[in-house]
Amino acid sequence: MATASHLIELANTIQTQVTEFQKLLAASGQPDPSLDLDAPSPDFAAAGLHAQDVRSKLLDQIDELHDLLLTPQEMLLGTAPTDFVSRHALDRFQVYQKVPVGETRTYTQLAEATGLPLNVIRRLIRHAITQRIFTEPTPDVVAHTPASKLLAEDRNVRDYWGILSEIVSPAAAQTANALSKWPQESGSKKRETAGFYLATGKTVYQVLEDEPETHNRYDSAMSANRNNVLFSVDHIARGFDWQSLGKGTIVDVAGGIGTVSRSLAKHFPELNFIVQDQPEVLAQAPPVEDESSKARITFMEHDMFTPQPIKDADIYFFRRVFMEWDDDKAVQILRNLTPGMTPGKSRVVIADFYVPEPGEAPLWIERKFRNSDMLTFVLSNGGSRDKEAWIKLFEKAGPGFVVKNVKPLKNSDMMITEALWQGE
Ligand SMILES: C[S@@+](CC[C@H](N)C(=O)[O-])C[C@H]1O[C@@H](n2cnc3c(N)ncnc32)[C@H](O)[C@@H]1O
């Protein structure tokens, strides 16, 4: 009997799942996805969690089918670190905006508009076209695709590529050298031994402090993923039983401009929030617009390496803070909380990014999160902590802390760690 072909089985599974996915989209009133600029785009999140699971499986299966059709050489040599060169250059010369949405431009017009030689602008745009950024509907005429339209209209997404090119690339190129130079320090979160430090002689924070323009772009790039359901701040609402706190108080330590508090305040209309950060960060915080949240969110200057001034809070919350600090500093941050914590009541809740164990999440999601992990690694020698590392950290900060929970939040990039203070 002939063995079943894996290729055919895979293609059949894809066919079945695509049919299911399309039905789920249609049932929730969402259009089919399209690369056509004029077509409406579907909101995948609105199609429900099951549709998101089916989409996830499909993306993995399609990747597998794609890779099966390549030779190992083609697969390895097909990843190009130069993918972003055209994206970055087209942003630098404002080409996205120079093709008004709904209109076309010729290469000659774009060469004139940018001052670049005709053959260079054509090469750059045709390189981008291979990534579905712009299209050439007739020879020498350039029009938008949904992706280039997004780049034209969304500064955060453009800045993301600018930051990858200007900040991340040089650091990534120096990372192997940093590992050779300081092998014992690798992964220690000591910023002075990161690829970035070797490339620039400064830490990322020093560069951001010294270069306001880079700082602006960096902050802007941080918002590029705001519409990505994986990175949504709204996941925090289901990461802990916030409802059980009633009218409780959350101190959002190093809370930036209050992104998490603003989201939680909408979900839990009784809770109160105090967002703490450095003065220059708080100065960037826009006013709270949501009427029902206004009176419940306050902002306060506080250096987390000094004793916590808010006593007896229910939760001392941290998002994306500990990933940047080594254990010694992390212990200092935790110990500065304890004098004001009420035994048996006050808890520390930490939402930090996490890297799934192999096989725990679809490969395309694991790849995304491992890329974020590498990003932190090359920039600051930082990275996520696993369950064991969180437990060890609280042991170092204790005695008195009892770790109650360390769990990944499904369909998100977050892991929630919760520790109750029982007193010394
Ligand atoms: C990656 S951001 C996370 C911001 C916020 N928790 C969020 O998730 O949107 C890290 C934050 O730590 C703050 N930070 C760094 N050092 C600090 C310190 N010594 N005291 C208070 N905040 C600090 C930074 O200003 C920044 O807002």
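Here is a walk through this structure, from its overall build to one sheet and a helix lying across it. Keep in mind that you're looking at a predicted model.

Let's start with the whole protein. Its secondary structure adds up to 18 helices and 9 strands. Measured out along the principal axes, so to speak, the C-alpha trace covers about 75 × 60 × 50 Å. How does that sit with a compact globule? For 424 residues, such a globule would have a radius of gyration near 22 Å, and the protein's 24 Å agrees with that. Of those 424 residues, 43% are buried, meaning that they have under 20% relative accessible area. As for the outside, the accessible surface comes to about 22,200 Å², and carbon and sulfur atoms account for 54% of it.

Contacts tell you about the fold too. Take those with a separation of 6 or more: 65% of them are between residues 24 or more positions apart.

Now to the sheet. Seven strands form an open sheet with mixed pairing, and if you read across it the order is 5-4-3-6-7-9-8. At the edges you'll find strand 5 (297-301) and strand 8 (401-408), each with pairing on one side only. From one strand to the next, the twist averages 20 degrees.

Go to the strand 5 edge and you can see how it is held in register with its partner: strand 4 (residues 272-277) pairs with strand 5 in the parallel sense, over 5 bridges. Within this pairing, Gln276 stands opposite Met300 of strand 5.

Over by the other edge, look for helix 18 (residues 387-397). This helix lies across strand 7 (347-353), strand 8 and strand 9 (414-421), and runs at about 160 degrees to strand 8.

Conventions. Residues numbered from 1 in each chain as written. Predicted model: local features only at pLDDT ≥ 70, side-chain atom pairs only at ≥ 80, totals over all residues. Heavy atoms only, no water. Pairing = 2+ DSSP bridges. Helix = DSSP H or I, 4+ residues; strand = E, 2+ residues; numbered from the N terminus. Axes fitted to C-alpha atoms, helices over the stretch in contact; angles between N-to-C directions. Contact = heavy atoms within 4.5 Å. Rg over C-alpha atoms; globule rule 2.2 N^0.38 Å. Buried < 20%, exposed > 50% of the residue type's maximum accessible area, 1.4 Å probe, protein only. Areas by Shrake-Rupley, 256 points an atom, 1.4 Å probe, with all protein chains shown as cover.
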